[in-house]
Structures are given as structure tokens and as C-alpha cells.
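Please find below a short note prepared for a colleague reviewing this entry. It concerns the strand arrangement and the empty spaces in the structure.

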Amino acid sequence: MKKTTAFVIAFLLASASTFASGLLIRGTYLTPSDPDFKSIYGSGWIYGGEIGFKVWSGLDLFLEGGYFSAKGKLTYTEEATTLKLIPAGGGLKYYFLNGKLRPYIAAGVRYYMYQESNPIGDIKKNGLGYLGRAGLSLEFGGGFGIDVCAGYSLCKMTPTDFEINLGGIELSAGIFFGM
């Protein structure tokens with residue numbers, strides 16, 4: 001799953017970059033809001049990227065993808081369990097200012113691919129979620145700079161007999177080219 005997904009994401013990013021106005025590579029620290037999810041897997045890093053497309057003055061369309069994996073222990077049996085989560089989606093981002101320092105807000109949808117493996121069995125599910133964020137881009141020159149943002153994501157899914165939220169508070173930092 002990991003190699004195929006990485007290849008597909010890389011291919012899509014390379015194809016879309018022909019028409020893109022910029023590329024962002026980022027790390028996002030996810031603090032899950034669901035207590036069950038958090039007690040089993042804890043918090044962790046989503047590594048990924050984003051491609052931006054100019055729509056209007058100050059308004060961009062973005063496409064993003066990421067990869068999260070974690071190891072944990074089942075609640076009752078304490079047996080080892082692993083999780084792979086691939087969020088991919090897109091939305092709109094609005095920049096309030098033009099120039100080197102650009103604050104923004106963004107909102108969009110994400111499709112989550114969920115895979116969990118443990119001695120009880122393997123679970124593969126997919127679900128649709130939402131995200132919102134506020135951030136700040138700082139360009140150093142030549143279209144190169146840094147981007148930081150904070151946001152919240154939500155994806156309710158029922159992988160077994162109870163519902164969980166795969167999202168939570170997200171704090172991100174990354175570098176961009178041409179955004």
C-alpha cells in the first residue's frame with residue numbers, strides 16, 4: 001500500500017505541477033480529538049505536500065496528500081496494532097494580503113484511506129472528512145519561503161463496532177516554491 005500510494009501521489013503531484021502556481025512540502029503534527037484513537041495511537045506526524053493553483057486575485061485552489069502511520073496497543077488485550085492513514089483532498093485558500101508576508105484561511109474536503117492491522121484482523125475503510133486552517137506564508141525571495149498554519153480536521157468513521165474521528169488539531173510547517 002505504501003509504495004503504490006507514494007507512487008500515485010508523486011505522479012499526480014508531478015502531473016499537476018505543470019499547471020500549478022506553487023508547491024508546498026510540509027510536516028503536520030496531528031493531535032487526534034477522539035479519545036479512543038488518541039489512547040491507542042497517540043499523536044504523530046503526517047508528512048505530505050500541497051499544490052496550489054491561482055483562481056482569482058488572492059484565491060487559490062489547493063490539492064493535498066499525506067501519510068500517517070503509528071503503532072499502538074489494543075485497549076483490552078494490549079496486543080500490538082498498526083495504523084496507516086492516507087488523507088488526500090483539496091479546497092480553497094484565501095490570502096488576505098499580497099506581498100512577502102501573506103496571512104490566509106483555507107477550507108476543504110479530504111478523503112481518508114484507513115488501514116489497521118492487529119492479531120484480531122485487518123481493517124480497510126475509506127471516508128470523507130473536512131478541514132479548516134489559518135496560516136501565514138513568508139516568502140524569502142524567488143518564490144521560496146516558509147508556511148506555518150494551525151487547523152482542525154474531521155472524519156467520522158466506523159471501522160469496527162464504534163465510531164471514531166480520525167481528525168483533530170493540526171499544526172503544520174513547511175517550505176514552498178512559487179506559492
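The points below take up the barrel, then the cavities, then the largest pocket.

1. The model is predicted. Its strands form a closed barrel of 8, in the order β1-β2-β3-β4-β5-β6-β7-β10, and the pairing is antiparallel. On average, and with direction ignored, neighbouring strands of this sheet are turned by 25 degrees against each other.

2. One pairing in the barrel deserves a separate remark. Strand β6, residues 121-141, runs antiparallel to strand β7, residues 144-154, and 11 bridges join the two. Within this pair, R133 stands opposite G151 in β7. Both R133 and G151 recur in the lining of the second largest cavity.

3. How many cavities of 30 Å³ or more does a search of the whole structure find? The search returns 2. The largest has a volume of about 110 Å³, and the second largest holds about 40 Å³ of space.

4. The largest cavity is lined by 14 residues; R26, T28, I46, E64 and R110 lie nearest its centre. Two or more lining residues come from each of β1 (22-32), β2 (44-56), β3 (59-73) and β10 (168-177). Strand β2 provides the largest share, with 4 residues. By class, the lining of the largest cavity comprises 3 nonpolar, 6 polar and 5 charged residues.

5. The second largest cavity is lined by L131, G132, R133, C149, A150, G151, Y152, S153, E170 and S172. The elements that give two or more residues to this lining are β6, β7 and β10. Of these, β7 gives the most, with 5 residues. The lining of the second largest cavity divides into 4 nonpolar, 4 polar and 2 charged residues. Strand β10 thus appears among the elements listed for the largest cavity and among those listed for the second largest cavity.

6. The largest pocket has a volume of about 500 Å³. It is lined by 20 residues, of which I40, L74, E116, T160 and F162 are the closest to its centre. At least two residues of the lining are supplied by each of α2 (35-41), β5 (101-118) and β6. Which element gives the most to the lining of the largest pocket? The answer is α2, with 5 residues. The classes in the lining of the largest pocket are 11 nonpolar, 6 polar and 3 charged residues.

Key
Residues are numbered from 1 along each chain as its sequence is written. This is a predicted model: local features need pLDDT of at least 70, side-chain atom pairs count only at pLDDT 80 or more; totals for chains, interfaces and linings use all residues. Side-chain values use heavy atoms; hydrogens and water are left out. Two strands pair if DSSP finds at least two bridges between them. Axes are lines fitted to C-alpha atoms, for helices over the stretch in contact, and angles run from 0 to 180 degrees between N-to-C directions. On a 1 Å grid over the protein atoms alone, a cavity is a set of points where a 1.4 Å probe fits but cannot get out, and a pocket is an open set with protein on both sides within 12 Å along at least five of seven lines; lining residues have an atom within 4 Å of a point. Grid points are joined across faces, edges and corners, and a volume is the space filled by probe spheres set on the points. Ala, Val, Leu, Ile, Met, Phe, Trp, Tyr, Cys and Pro count as nonpolar, Asp, Glu, Lys and Arg as charged, and the others, Gly among them, as polar.
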